[in-house]
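Trainee: I am new to this structure, and I would like to understand how its descriptions are arrived at. Could we go through them together?

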Amino acid sequence: MSPTREAAATVIPLKKTTSFSLNQFPTSPPLTFGEPLLHSGHPQHPLYPVQMSDLFTCSGCKEYGSGKRFICQQCEFQLHDFCATAPQHLKAHPLHMHHLLSFSSKPVKGGILKSKCDVCGKSGKGYMFRCKACSYQMHPCCAMLSNQINISAHPHPLKILPAISNGDPPGFVCGECNRAKRSGRVFGCTSCEYHLHAVCAKNMVNGVQANGYKGVEKPSMFGTAARFASQVIIEFIGGIIEGIGEGVGEAFVQSIARGRRSTRRLPTPSQ
């Protein structure tokens with residue numbers, strides 16, 4: 001009898017289909033999966049392994065992906081291959097060696113500020129691996145990374161750098177996005193000055209980069225909220241203008257604009 005691994009979700013193989021090799025967690029045993037499955041996150045329909053080049057949002061972790069995935073043929077539910085086959089626990093993960101990481105299908109209570117991935121620094125909105133001994137957590141996609149990685153864009157191995165609290169190292173520019181400061185951890189080359197953000201590295205794992213998508217990032221919830229608030233204010237002012245009459249409303253808006261310009265022209269008081 002072949003060994004089985006502890007799964008985060010109930011996975012029931014169904015009828016045989018075309019075989020394809022799945023991505024593996026650093027702590028996972030070798031696995032080739034070519035069968036549809038029933039997943040506890042979507043028990044009503046089987047999920048089928050496919051390879052498609054379009055960009056999608058995983059129904060489990062809520063992160064982008066492309067390429068390998070499990071899809072439902074009866075609705076729009078789809079999972080990254082690594083989310084669909086995530087183990088219940090990750091023992092001695094290279095990025096968090098000392099504690100056990102447990103799979104969780106729901107974000108933590110207390111809002112998005114308490115649910116940040118400690119690898120990429122982005123919000124956790126769905127499937128996550130969490131440590132019960134401390135507050136450490138990571139996306140399943142980020143859990144596919146290790147403390148040392150090899151990428152096709154650079155000839156040398158890249159090692160994870162110690163977490164820092166005051167921004168990126170001086171003179172640091174990511175070799176992938178050409179930006180300096182971004183959230184999350186950083187990989188660095190010990191042979192040269194090449195650096196890579198973890199948030200960029202995960203796009204090399206989830207198929208996004210391999211299928212030609214660049215600069216793909218989930219929109220900030222704070223940015224979305226700010227845009228929504230601005231729109232509400234604009235519509236509110238528009239309602240006032242409509243209610244009190246177009247002429248009076250325009251005068252009201254122009255008065256506000258003149259006040260702002262006058263404020264900008266005020267001289268700085270002398271000491």
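Trainee: How many helices and strands does the secondary structure of the protein chain come to?

Mentor: Bearing in mind that this is a predicted model, the protein chain comes to 5 helices and 15 strands.

Trainee: Where is K62 placed among those elements, and why is K62 called partly exposed?

Mentor: K62 has its place in the loop between β5 (42–57) and β6 (64–72). Its relative accessibility is 34%, and since buried means under 20% and exposed means over 50%, K62 falls in between and therefore counts as partly exposed. In the backbone, the phi of K62 is near 70°, which is a positive value in a residue other than glycine.

Trainee: What makes N178 exposed?

Mentor: The relative accessible area of N178 is 59%, and because the term exposed applies over 50%, N178 is called exposed. N178 lies in the loop between β13 (158–160) and β14 (186–189), and although N178 is not a glycine, it has a positive phi of about 60°.

Trainee: What share of the residues in the protein chain is buried?

Mentor: Of the 271 residues in the protein chain, 37% are buried, a term that requires a relative accessible area under 20%.

Trainee: Among contacts between residues at least 6 apart in sequence, what percentage joins residues at least 24 apart?

Mentor: In the protein chain, 53% of those contacts join residues at least 24 apart.

Trainee: And what does the accessible surface of the protein chain come to?

Mentor: The accessible surface comes to about 15700 Å², and 56% of it belongs to carbon and sulfur atoms.

Definitions and conventions. Residues are numbered from 1 along each chain as its sequence is written. This is a predicted model: local features need pLDDT of at least 70, side-chain atom pairs count only at pLDDT 80 or more; totals for chains, interfaces and linings use all residues. Side-chain values use heavy atoms; hydrogens and water are left out. Helices (H or I, at least four residues) and strands (E, at least two) are DSSP runs, numbered from the N terminus. Buried means under 20% relative accessible area, exposed over 50%, partly exposed in between (1.4 Å probe, protein chains only). Contact means heavy atoms within 4.5 Å. Accessible areas come from the Shrake-Rupley method with a 1.4 Å probe; for residues, only the protein chains shown count as cover.
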